[in-house]
Amino acid sequence: MRLLYCPAARLVIGKHEYSGGNNSCLESGPSPLHLVAMSSVISIANLSKTYKGGFKALDGVDLEIERGEIFALLGPNGAGKTTLISIVCGIVTPTSGQVLADGHDIQREYKKARSKIGLVPQEISTDMFEKVIVTVNFSRGLFGKAPDSAYIEQLLKDLSLWDKRDSAIRELSGGMKRRVMIAKALSHEPEILFLDEPTAGVDVELRRDMWRLVSSLRERGVTIILTTHYIEEAEEMADRVGVIRGGEIILVDKTEAIMRKLGKRRLSLTLQEPLESLPAGLGEWSLELADEGHQLLYSFDANEERTGIPTLLRKMTDLGIGFSDLDTAKSSLEDIFVDLVSDNGDGKSAEAAE
Amino acid sequence: MNVHGVWALYRYEMSRTFRTLWQSIVTPVITTVLYFVVFGGAIGSRMENIGSVDYGAFIVPGLIMLSLLTQSISNASFGIYFPKFSGTVYEMLSAPMSPIELVMGYVGAAATKSIMLGLIILATATLFVDVRIDHPFVMILFLLLTALTFSMFGFIIGIWAEGFEQLSFIPMLVVTPLTFLGGAFYSINMLPDFWRNVSLFNPVVYLVSGFRWSFYGEGDVAIGVSLGITAAFLVTCLSVIIWIFRTGYRLKD
């Protein structure tokens, strides 16, 4: 397998990678990791994982995470997101492949690699009988850092946990417990932070607090890799998005580039008289009827210069089809994601990307 | 060497001990006192001396060893099993800690707790019987070796166990019988030749014998053999633990 490595915008479809309009891509041989290790904070090459039962969770994943970015990893349940994160963090052993964290191999130089990484797991897993401050100090020590009461105090204050520092974790609300998990992950001042579905099941206020925290961490230069089901958050927060399906990365690109390349626009026309079927004269446009024939929907490529709308409207006038209202809408990242992860979307997305 | 990591883990485990002080210290002490009342007082007063030692004093090293073994195993097995059960083991696995450092933290804390308990039981024993310690350094060495070895053994059980039943299975079904049959309450020289020879396959015999030698200068087997067997068991446990971390057995997928 040959790969193209592009430091700037890239697009990966299946095993193929496309340049995002620049010509600075490096064409590499069978072991390309060293070429990109210096510019990436995490380099994943040909990573595979097959569990004992035979389930293949990851299949030849290649991924570069750039220093200081917010990277959102999207995928349906069972796609391999948590396995990927767990391998980088040292919780799961890969079957094959290589991962570098800040230039350190996660298996051969695991101590150096792990000391750079913080992980907020999906589940709230901590000793419920312990006090907040004790468990956070414990995490800092475990990751090899000398005690620093001033840093821990500031961290707990930033997470609104300072007043609860002497409370046992079991006495805290669900949202507060999740803050404790974040405090533990940040206690050793990591340069890379993994957030595995950090906002799943938390209230709106905490979600907002978390995103504020993510922004402030990014400002400090921390690289953040998150998985989320709230795709609108990825759209808003992430610099780049990766989509994983069936253990394979099927797309990686800058968020706005994905929106631009794969985004669709849709024109909705509310008809004066409902149609039973699409007239033959409108066959050259990609149309569909909705709302029992009261609405005519036209999907078109947002990037095309010629959208075909004026000719469509003229043709409709010629055919005597009147409309009382019109509206256009742009597809969200969620629409693109659903399209990508559904089997039917495969061909369309590849085509659009090319 | 991640000194901060080892210290953090050790302190964390010790704080768990102090948080559950009642179960950790008081219960085994009460159990041992009951042994003294029954075996040392009620039955022991009708027993002859064993060698040159009064029966009540004779059982002191065996009783300490019984508590040391069971507590080391239960402390260490629970110490690692609980994070596995609650999911917090992710933090140990993702931390920059080598297998040896993790073992130093967990096993160090479990062994410390057992030794503290052993010394408390020894102090309690002096209230009931006259105890003398002929070789205090050897006694300390045996305490250390036994506590470390069986804490490692407990650590292995904690990793192996997939449920609370399995966690108590080995201590209940294997360790307690071996300890009772290991000469804690009698000298194996009192057994018929056949059973004496069978007893020599029981590793606990060597621990109890060596430990008793450090008290009264008398043991069922030579002190060098006792030390050698204990050290061999320690190396075996350490090797198994290193293998566990290398393969990720029941720790990592």
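1. Arg212(A) is exposed, at 54% relative accessibility. In this predicted model, its side chain meets that of Asp209(A) in a salt bridge, 2.5 Å from N to O. Both residues sit in helix α7 of chain A, 3 residues apart, so about one helical turn separates them.

2. Asp209(A) also meets Arg179(A) in a salt bridge, at 3.1 Å from N to O. This pair spans two elements: Arg179(A) lies in helix α6 of chain A and Asp209(A) in helix α7 (residues 204-219), so the bridge ties together parts that are 30 residues apart in sequence. Arg179(A) is buried, with a relative accessible area of 9%. Arg212(A), by contrast, counts as exposed.

3. Over all chains, the structure holds 15 salt bridges. One of them is in chain B, where Glu13(B) pairs with Arg16(B) and the closest N and O atoms are 2.7 Å apart. The two are 3 residues apart in helix α1 (residues 3-19) of chain B, so they too are separated by about one helical turn. Glu13(B) and Arg16(B) are both buried. Elsewhere, salt bridges that share partners join Arg67(A), Asp102(A), Lys116(A) and Glu191(A) into one network.

4. Asp102(A), a member of that network, deserves a look at its backbone. Its phi is near 50 degrees, a positive value in a residue other than glycine. Most residues other than glycine have a negative phi. Asp102(A) is placed in the loop between β8 (96-101) and β9 (104-105) of chain A. It is buried, with a relative accessible area of 17%.

5. Glu292(A) is another residue with positive phi, near 55 degrees. It is found in the loop between β16 (287-290) and β17 (295-301) of chain A. Is this residue buried or exposed? Glu292(A) is exposed, with a relative accessible area of 72%.

6. Now the overall make-up of chain A. It has 12 helices and 18 strands. Of its 354 residues, 50% count as buried. Its accessible surface comes to about 16,500 Å², with 47% belonging to carbon and sulfur atoms. Among contacts between residues at least 6 apart in sequence, 68% join residues at least 24 apart.

7. Val243(A) gives a local view of chain A. The residue is in strand β13 (residues 240-245). It is buried, at a relative accessible area of 2%. Which residues does Val243(A) touch, not counting those up to four places away in sequence? They are Leu74(A), Glu248(A), Ile249(A), Ile250(A), Leu251(A), Phe337(A), Leu340(A) and Val341(A). Leu74(A) is 169 residues from Val243(A) in sequence, yet the C-alpha atoms are 4.8 Å apart.

8. Turn to the interface. Chain A and chain B bury about 2,500 Å² between them, 58% of it on carbon and sulfur atoms. On chain A, Lys111(A), Phe138(A) and Leu142(A) supply 27% of the area buried against chain B, more than any other three residues. The contact involves 31 residues of chain A and 25 residues of chain B.

9. Polar links across the interface are as follows. There are 2 salt bridges between chain A and chain B. One of them joins Glu101(B) to Lys111(A), with the closest N and O atoms 2.5 Å apart. Lys111(A) is also among the three residues named above for buried area. Residue pairs in polar contact between the chains, both at pLDDT 80 or more, come to 7.

10. Which elements give two or more residues to the side of chain A that touches chain B? They are α3 (110-115), α4 (132-142) and α6 (174-186) of chain A. α4(A) gives the most, with 6 residues. By class, this side of chain A has 15 nonpolar, 9 polar and 7 charged residues.

11. Last, two residues of helix α5 in chain B. Thr124(B) lies in this helix (residues 99-125), and so does Ile120(B). Thr124(B) is buried, with a relative accessible area of 13%. Ile120(B) is partly exposed, at 32%. Leaving aside neighbours within four places in sequence, Thr124(B) is in contact with Val29(B) and Val33(B). On the same terms, Ile120(B) is in contact with Ile25(B) and Val29(B). Val29(B) thus appears in the contacts of Thr124(B) and in those of Ile120(B). Val6(B) is 114 residues from Ile120(B) in sequence and 26 Å away in space, C-alpha to C-alpha.

Definitions and conventions. Residues numbered from 1 in each chain as written. Chains lettered and ligands numbered in written order. Predicted model: local features only at pLDDT ≥ 70, side-chain atom pairs only at ≥ 80, totals over all residues. Heavy atoms only, no water. Helix = DSSP H or I, 4+ residues; strand = E, 2+ residues; numbered from the N terminus. Buried < 20%, exposed > 50% of the residue type's maximum accessible area, 1.4 Å probe, protein only. Contact = heavy atoms within 4.5 Å. Buried area = accessible area lost by both parts, 1.4 Å probe. Salt bridge = Lys/Arg side-chain N within 4 Å of Asp/Glu carboxyl O. Polar contact = N/O pair within 3.5 Å; in protein donor to acceptor, adjacent residues only side chain to side chain. Nonpolar A, V, L, I, M, F, W, Y, C, P; charged D, E, K, R; others polar. Areas by Shrake-Rupley, 256 points an atom, 1.4 Å probe, with all protein chains shown as cover.
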